Amino acid sequence: MARLVFTSMGTVISVLRPGPELPASLERAVREEFTSRDARFSSYRADSELSRVARGDLSSLTAGPEFRATLHRALGWEEATAGAFSVRSPDGILDLAGIVKAEAIEGAGNILKQTGLHDWLLNAGGDVLVGGHNYGAPWKVGIVDPEDRSKVLAGIELLPGQRALATSGVSERGSHIWSASGRTPFSQVSVLAPDIVTADVLATAIMAGGHRTLEAACSRWDIDALCVTVTGELLTTPRLRLQLQVKPTHDGALPTSA
Amino acid sequence: MRTRAVLGGVFSSAAILIGAWSLSGAPKAVHVAAAATTTGTTTPGSGTASSGTSGSAGSGSTGGASPAPSSTASAGKASGTYTGSVVSTQYGNVQVQVTLSQGKITDVTALQLTDREGRSVQISNYAAPILRQEVLTAQSASVDTVSGATYTSEGYLTSLQAALDQAG
């Protein structure tokens, strides 16, 4: 298994490929998806386009096309989630971190696909997008137990049609999740979706919006969710429940005794 | 009888689906869940299944669980799309379709849901409680990567993902 690990956006990105190392040019292109967006959207860099817009030094209307495209997309999600996903922090500062990392994963995934690579896995700070298989087997992602981050709560196979898995929680950075009430019923929300932006945005939105957003999101989008409540209970959607509960035998068949 | 066991599992699962639906506020779906479970004892293709108990004002059901023409049941492992009975209850009709591939469930879809007046209604993809011990199994024993709330580059060093990257 070839593995590329690098730092960007304040976190660590891992790229897995069953087979030989990625070509150096491809590694550079994948890194560039993250570093270019970090330079443009980081709220930690005073000279980033985002910081200049947030300060009022630059109008969002005259910002670059990449900036406006991401802002537009984020605003669309804000509207679609009735504000549960927001482009602003509680104190009203523009913050697009909630979507920028997902767009970088999406961009890196597109590069890998365009290069003709079938089998790969991208993990950026705990958000995962895959292509193809791991030596013929489905890619399998462990969900961290928020009560003991050295343990895995469940293993989820990323099957065709649901290639992205994002988890939102009380993050180490602490600034990604906010809710109008200041309280959230969940300590962690994982969302399985066809694409990583949907997964990431809706995990953030459900974390912030609680049960109402969970139900609305699961009805409207083709997603599955695994939520951990602050009291440690688990909630899951019907399709994911089937995957988690059905225990296949070694040959993949259902057990003969029901 | 392998297929029968498989279908039993399938429809127990379907009952779970509908059971979950009942939690979303849809009225009295308990009747429906019971009916689906009963259908689970049917052999595919027999077409003679009783649909079990339906609601008090229900008009009964049409057809048993039957595989779609594309299905195969070779080597004892069912593949294909299986459609459950239409179960009429006093609250409307419910029908569930399950897709199997070599005995593994790959999809469960609610095909038909109508309210009492015959209008179709949307099933809610509602998240319902699941017990930790139900998911803490061999399923999570070996994973390729780890998903969790965003770790910082410093926090990465103590994360499970770092351990996996090291082991890789």
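1. A:Ala97 is partly exposed, with a relative accessible area of 27%. That value is over the 20% under which a residue would count as buried. A:Ala97 belongs to helix H4 of chain A. Its C-alpha lies 8.1 Å from that of A:Ser43, although 54 residues separate A:Ala97 and A:Ser43 in sequence.

2. A word on confidence. This is a predicted model. Chain A has a mean pLDDT of 89. Of its residues, 90% reach 70 or more. Two stretches need care. Residues 174–181 of chain A stay under 50 in pLDDT. The model still gives them 18 contacts beyond four places in sequence. Residues 252–258 of chain A are also below 50. That stretch has 19 contacts in the model beyond near neighbours in sequence.

3. The overall make-up of chain A comes next. Chain A has six helices and 10 strands. It counts 258 residues, and 57% of them are buried. Take the contacts in chain A with a separation of 6 or more: 55% of them join residues 24 or more positions apart. The accessible surface of chain A is about 10,700 Å². Carbon and sulfur atoms account for 52% of that surface.

4. Which residues have the most contacts inside the largest nonpolar core? They are A:Val15, A:Phe34, A:Phe67, A:Leu96, A:Ile99, A:Val191 and A:Leu214. The core has 60 residues. H5(A) gives the largest share, with 12 residues. A second core is separate and has 20 residues. Among its members are A:Leu226 and A:Val228 from chain A, and B:Ile130 and B:Val135 from chain B. In soluble globular proteins, nonpolar side chains tend to be buried together.

5. A:Phe67 deserves a look of its own. Neighbours within four places in sequence aside, A:Phe67 contacts A:Phe41, A:Leu50, A:Val53, A:Leu94 and A:Leu96, along with A:Arg40 and A:Glu49. A:Arg40 and A:Glu49 also appear in a network of salt bridges, which links them with A:Glu66.

6. Aromatic pairs: the structure holds four over all chains. One of them joins A:Phe6 and A:Phe34. The ring centres are 5.8 Å apart and the planes stand at 70 degrees, so the pair is edge-to-face. The angle is over the 60 degrees that this label requires. A:Phe6 sits in strand E1 (residues 2–8) of chain A, and A:Phe34 in helix H1 (residues 24–41) of chain A. The pair therefore ties together parts that are 28 residues apart in sequence. Are these two residues buried or exposed? Both A:Phe6 and A:Phe34 are buried. A:Phe34 also ranks among the residues with the most contacts inside the largest core.

7. The rings of A:Trp77 and A:Trp221 make a tilted pair, because their planes are at 40 degrees, with centres 5.4 Å apart. This pair links distant parts of the chain. A:Trp77 lies in helix H3 (residues 65–80) of chain A, and A:Trp221 in the loop between H5 and E9 of chain A. In sequence, A:Trp77 and A:Trp221 are 144 residues apart. Both are buried.

8. Salt bridges: there are 12 over all chains. Where do the partners A:Asp127 and A:Lys101 lie? A:Asp127 is in strand E4 (residues 127–131) of chain A, and A:Lys101 is in helix H4 (residues 97–114) of chain A. They are 26 residues apart in sequence, so the pair ties these parts together. The N to O distance is 3.2 Å. A:Asp127 is buried at 1% relative accessibility. A:Lys101 is buried too, at 9%. Helix H4 of chain A also holds A:Ala97, from the opening point.

9. A:Asp222 and A:Arg239 form another salt bridge, with the closest N and O atoms 2.7 Å apart. A:Asp222 lies in the loop between helix H5 (196–220) and strand E9 (224–229) of chain A. A:Arg239 lies in helix H6 (residues 238–245) of chain A, 17 residues away in sequence. Both partners are partly exposed: A:Asp222 at 44% relative accessibility, A:Arg239 with a relative accessible area of 29%.

10. One further salt bridge joins A:Lys151 and A:Asp148. Their closest N and O atoms are 2.9 Å apart. A:Lys151 is partly exposed, with a relative accessible area of 47%. A:Asp148 is partly exposed at 26%.

Note on methods: Residues are numbered from 1 along each chain as its sequence is written. Chains are lettered from A and ligands numbered from 1 in the order in which they are written. This is a predicted model: local features need pLDDT of at least 70, side-chain atom pairs count only at pLDDT 80 or more; totals for chains, interfaces and linings use all residues. Side-chain values use heavy atoms; hydrogens and water are left out. A salt bridge is a side-chain nitrogen of Lys or Arg within 4 Å of a carboxyl oxygen of Asp or Glu. Helices (H or I, at least four residues) and strands (E, at least two) are DSSP runs, numbered from the N terminus. Buried means under 20% relative accessible area, exposed over 50%, partly exposed in between (1.4 Å probe, protein chains only). A nonpolar core is a set of buried Ala, Val, Leu, Ile, Met, Phe, Trp, Tyr and Cys residues joined through side-chain atoms within 4.5 Å. Contact means heavy atoms within 4.5 Å. pLDDT is the predictor's confidence in each residue, from 0 to 100. Rings of Phe, Tyr and Trp (its six-membered ring) pair if their centres lie within 6.5 Å; planes under 30 degrees apart count as stacked, over 60 as edge-to-face and the rest as tilted. Accessible areas come from the Shrake-Rupley method with a 1.4 Å probe; for residues, only the protein chains shown count as cover.
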